[in-house]
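Take a moment with the picture below before reading on. We will walk through it piece by piece.

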Amino acid sequence: MAVEIFRGSVAKIETDVSKGFQLRALDFASHTSLQKLKRIREIYENEEILGVYSTLIRNHSKWPEAKFRNLDRKDFVDPIANVFNKGYFGSLRELPDSTKERYKNFRSTVPETYEAASYLSPIHIDEMQRLDGLAKEHGFDLLFYTAPDLRYPWINGQLYQEFDSLVGSYGYQYLNLNEYYKELDLKLSDFKDASHLNYGGAVKTSDLLGRIIAERYNLPDRTSEPIWQAEQLNYNRKQTLLLEGELIYKDSAAVSFTPELGYKKLKIRRKLNALQLQLELMPEHLELNGKYILSIQVYPKAGKENQLSSISKEKGRSFDNFTFRLDDLEEGIDELMRTGIKDIERFRIFIYDSDGYKGVVGNAIIIDDLNTDSNDQ
């Protein structure tokens with residue numbers, strides 16, 4: 001079992017933020033667990049305990065201000081923006097220029113050494129002893145590791161030295177990936193902030209960690225197991241959807257909205273949580289530039305209306321809507337349409353006046369002969 005070690009592992013759980021992190025884990029534990037109750041009493045004040053067990057109370061500390069038509073106060077997670085193995089906030093963000101300047105020499109900075117009180121307290125020693133006991137009881141090995149952190153040379157060096165010593169005293173390995181910047185080929189563009197990797201940095205770190213685990217531990221080959229093969233097929237399909245997409249409609253015929261404007265060579269690909277629209281415009285008159293807006297409506301199949309976007313539901317629409325201003329008719333359309341609709345019944349494509357919707361201009365095109373099983377790219 002791989003166990004991540006970081007500064008928060010030894011921080012006192014006393015702020016609202018740190019208590020909030022604990023709730024994420026505690027919410028998965030049964031309310032009938034005595035271990036859960038014991039842990040809660042160590043962390044939370046008496047007046048907070050009801051809120052730990054009841055999300056209703058937790059989310060409504062100010063009852064007079066509660067809006068009872070919306071009892072859920074959890075942060076909204078956008079299923080479109082956080083997809084695949086990019087499922088954490090800010091996964092594609094990079095450091096701002098000011099932070100890049102501050103840490104520009106991070107790969108060559110020597111960690112500072114200084115005398116300070118021990119970061120590890122008796123409770124952390126006890127936790128390590130308990131974890132060691134569980135490992136021996138259930139027959140699994142332990143690998144401790146720390147993910148890259150730009151602050152490491154200044155504030156965490158001594159802490160991780162103490163971890164190394166403690167882990168080694170039990171015969172386990174500790175891997176401080178802050179000492180592997182060269183092997184990781186880490187760049188400032190691999191961080192989303194000073195203490196967290198973004199998607200690119202996470203991929204590099206995961207790959208290296210996986211190789212080290214494979215080299216140091218005698219793990220059984222489980223690639224023949226059905227569950228692994230199913231996961232691999234699912235992963236490969238998601239990779240295809242992410243990078244290439246699956247063609248669900250293709251038509252090279254010329255289609256006219258009006259005698260002056262139409263399109264040809266239409267392709268629609270299903271990508272991961274998005275659709276890719278590609279078409280070549282056929283303008284008879286270039287002075288129409290900017291006069292029209294192209295609208296694409298995506299309709300889910302009957303019974304799949306739950307796949308509609310929150311905006312579509314709020315507006316009472318039976319479709320997700322996407323619009324593209326036709327400012328340059330000599331260029332085609334190659335755009336992504338972010339939608340959660342997987343079970344598509346049909347598309348409706350039309351144009352309308354760019355100064356405001358006054359109805360469909362010319363013909364609206366309905367596309368319902370979709371090939372959702374096509375592998376033609």
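In what sense do strand 10 and strand 11 pair, and over how many bridges? Strand 10 (residues 292-300) and strand 11 pair in the antiparallel sense, over six bridges. Two strands count as paired if DSSP finds at least two bridges between them. Helices (H or I, at least four residues) and strands (E, at least two) are DSSP runs, numbered from the N terminus. Strands of a sheet pair through backbone hydrogen bonds, either parallel or antiparallel.

Keep in mind what you are looking at. This is a predicted model, in which local features need pLDDT of at least 70 and side-chain atom pairs count only at pLDDT 80 or more, while totals for chains, interfaces and linings use all residues. Residues are numbered from 1 along each chain as its sequence is written, and side-chain values use heavy atoms, with hydrogens and water left out.

Now the overall picture. The protein has 11 helices and 14 strands. Of its 377 residues, 36% are buried. Buried means under 20% relative accessible area, exposed means over 50%, and partly exposed lies in between (1.4 Å probe, protein chains only). The protein exposes about 23,300 Å², and carbon and sulfur atoms supply 50% of that area. Accessible areas come from the Shrake-Rupley method with a 1.4 Å probe; for residues, only the protein chains shown count as cover. Contacts tell another part of the story. A contact means heavy atoms within 4.5 Å. Among contacts between residues at least 6 apart in sequence, 67% join residues at least 24 apart.

Start with the parallel sheet. It is an open sheet of three strands, in the order 1-2-3, with parallel pairing. Its edge strands are strand 1 (2-4) and strand 3 (173-176), and each pairs on one side only. Neighbouring strands of this sheet are turned by 25° against each other on average, direction ignored. Strand 2 (residues 143-146) runs parallel to strand 3, and four bridges join them. Phe144 stands opposite Tyr174 in strand 3.

Helices lie across these strands. Helix 7 (residues 152-169) lies across strand 2 and strand 3, running at about 170° to strand 3. Helix 9 (residues 199-216) also lies across strand 2 and strand 3, at about 155° to strand 3. For such angles, axes are lines fitted to C-alpha atoms, for helices over the stretch in contact, and angles run from 0 to 180 degrees between N-to-C directions.

Next, look at strand 8. Eight of the 11 residues of strand 8 (residues 261-271) are buried, so this strand is largely enclosed by the rest of the structure. Which strands pair with strand 8? Strand 6 (residues 246-251) runs antiparallel to strand 8, joined by five bridges. There, Lys250 has Lys267 as its bridge partner. Strand 7 (residues 255-258) pairs with strand 8 over three bridges, in the antiparallel sense. Thr258 stands opposite Leu261. A hairpin through two residues joins strand 7 to strand 8. Strand 9 (residues 274-283) is antiparallel to strand 8, with nine bridges. Gly262 has Met282 in strand 9 as its bridge partner. Strand 8 and strand 9 also form a hairpin, with two residues between them. In that turn, Asn273 has a positive phi of about 55°.

Now return to strands 10 and 11. They belong to an open sheet of four strands, in the order 11-10-13-14, with antiparallel pairing. Strand 11 (320-325) and strand 14 (361-367) are the edge strands, and each pairs on one side only. Neighbouring strands here are turned by 15° against each other on average, direction ignored. Ser295 stands opposite Thr323 in strand 11.

Two last stops. The first is Ser189, in the loop between helix 8 (181-184) and strand 4 (191-193). Is Ser189 buried or exposed? Ser189 counts as partly exposed, because its relative accessibility is 29%. Leaving aside its neighbours within four places in sequence, Ser189 is in contact with Glu94 and Asn198. Ser189 and Gly201 are 12 residues apart in sequence and 8.0 Å apart in space, C-alpha to C-alpha.

The second is Leu50, in helix 3 (residues 49-53). Leu50 is exposed, with a relative accessible area of 59%.
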